[in-house]
Amino acid sequence: MKKVVTFGEIMGRLSPPGYSRIIQTQNFNITYGGGEANVAGGLAHLGIPAKHVTRFPANELGKAAAGYYAQVGVDTSHIVYGEGRLGLYFVEFGAAMRPSKVTYDRADSAFANLSPSEFNWQEIFKDACWFHWTGISPAISESAAQALREAISVANAMGITVSADVNYRKNLWQYGKSVQEVMPDLIEGCDIIVCGKGDAEDILGIVPDDSVKSGWHSICKQIMAQYPRLKKIINTKRGQISASQNTLSAVSFDGDKVLKSETVEISQIVDRIGGGDAFMAGYIYGNLIYMDEAKSLSFGVAASALKHTIEGDINRANLDEIELVMKGDLTGRLNR
């Protein structure tokens, strides 16, 4: 099987032990994470060949971060190294009515200061069937946006499926270009996007048409009319009962009809960071293995639900565990 390629920043993740708050802890546990890289890690863990492309500082932290993803089988052969720092983020885990909290320290990172010429996309994509990116990368710097633009162009020319989670993080857009100036051209090269009503309005200025019963269905129809290359728009829906208990489901629109997944209740959240990435990895897995949209959505939701029970950014749920949740078994019976 050809590889799934992802592109984006990986950061160091620092968390107080257990449920301690940042203001009270004297120790931090370190791991590594990045939205796109988490998709590659989740796929590699399930046996799908995956490659991540990024730029790290040429120091021990850069090597450690690359090694973390290599341990789960991600191909790191096209990671480049140079001057700069490793971006960091701090995660404080919530419980019950106290939400989890993320604090970023990522300015002026090695990834933000990349040069597009450092990446030979023809070489990177020579063994690829799918390219995935997120709206985080073009928000980080103009050079990162340009590298991504070149990657999409080459992927399109090579007939590679391009997917994107277009998530809008307004605090990241600090280099003089707005999301509305940059993202539409990038979306134009996509076959599949993850997009909700909020993102559609913030990025594309598209709002629901009152004549269509479902607001999300309405924005999907408008997006597809504007971007004829798109084949599918997908999205997840989270029900927030508390920081410890959520529900999760997903929807897909193919230009004709909306398909909805079952809803899975997550009754005890251990770590929700990377849940959306786990869904995307599961959805891509479903497309490559099942080649069935309903199963792809179901697999993605089950994979994401299980990720909420696993520490760290990467989903380490096994295939049989995910398929058990797909069948509706949420009992967590002792397996021995």
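How much space lies in the largest pocket? In this predicted model, the largest pocket holds about 1200 Å³ of space. Its lining is made up of 45 residues, and those closest to the pocket centre are Asn 167, Arg 169, Arg 272, Gly 274 and Gly 276. Four elements give two or more residues each to this lining: helix 1, strand 8 (101-105), strand 12 (232-240) and helix 9. Of these, helix 9 gives the most, with 5 residues. Sorted by class, the lining of the largest pocket has 18 nonpolar, 16 polar and 11 charged residues.

The second largest pocket contains about 640 Å³ of space. Here 22 residues form the lining, and Leu 306, Val 325, Asp 329, Leu 330 and Gly 332 are the closest to the centre. Strand 15 (264-266), helix 10 (293-307) and helix 11 (319-326) are the elements that give two or more residues to the lining of this second pocket. Helix 11 gives the most, with 4 residues. The class count for the second largest pocket is 11 nonpolar, 6 polar and 5 charged residues.

Pockets are open; the next features are closed. A search of the whole structure for cavities of 30 Å³ or more finds 2. The largest cavity has a volume of about 50 Å³. Its lining consists of Gly 42, His 45, Leu 46, Ala 278, Ala 281, Gly 282, Ala 303, Asn 315, Ala 317 and Ile 322. Helix 1 (35-45) and helix 9 (275-289) each supply at least two of these lining residues. The largest share, 3 residues, comes from helix 9, the helix that also gives the most to the lining of the largest pocket. No charged residues line the largest cavity; the count is 6 nonpolar and 4 polar.

One of the residues lining the largest cavity is Ala 281, which lies in helix 9. Is Ala 281 buried or exposed? Its relative accessible area is 3%, and because the cut-off for buried is under 20%, Ala 281 counts as buried. Apart from neighbours within four places in sequence, Ala 281 is in contact with Val 39, Gly 42 and Leu 43. Of these contact partners, Gly 42 is also listed in the lining of the largest cavity. Val 182 provides a point of reference elsewhere in the chain: 99 residues separate it from Ala 281 in sequence, and the C-alpha atoms of the two are 25 Å apart.

The second largest cavity contains about 30 Å³ of space. Glu 9, Ile 10, Thr 54, Arg 55, Phe 56, Pro 57, Arg 85, Leu 86, Gly 87, Ser 109, Ala 110 and Phe 111 line this cavity. By class, that lining has 6 nonpolar, 3 polar and 3 charged residues.

From the cavities, the description moves to strand 2. Strand 2 covers residues 11-15, and 5 of its 5 residues are buried. Which strands pair with strand 2, and in which sense? With strand 3 (residues 29-33) the pairing is antiparallel and runs over 5 bridges. Within that pairing, Arg 13 has Thr 31 of strand 3 as its bridge partner. With strand 7 (residues 88-92) the pairing is parallel and runs over 3 bridges. On that side, Leu 14 stands opposite Phe 90 in strand 7.

The last element is helix 7, which spans residues 197-204 and has Asp 199, Ala 200, Ile 203 and Leu 204 as its buried residues. Why do these buried residues lie on the same side of helix 7? They cover an arc of only 100 degrees around the axis, so they share one side of the helix. The general geometry is that an α-helix has 3.6 residues a turn, so residues three or four places apart point the same way. The buried residues of helix 7 pack against helix 6 (179-187) and helix 8 (215-226). Just after helix 7 comes Gly 205, which takes a positive phi of about 70 degrees.

Definitions and conventions:
Residues numbered from 1 in each chain as written. Predicted model: local features only at pLDDT ≥ 70, side-chain atom pairs only at ≥ 80, totals over all residues. Heavy atoms only, no water. 1 Å grid on protein atoms, 1.4 Å probe; cavity = no way out; pocket = protein on both sides within 12 Å on 5 of 7 lines; lining within 4 Å. Points joined across faces, edges and corners; volume = space filled by probe spheres on them. Nonpolar A, V, L, I, M, F, W, Y, C, P; charged D, E, K, R; others polar. Buried < 20%, exposed > 50% of the residue type's maximum accessible area, 1.4 Å probe, protein only. Pairing = 2+ DSSP bridges. Arc of directions from axis to C-beta. Contact = heavy atoms within 4.5 Å.
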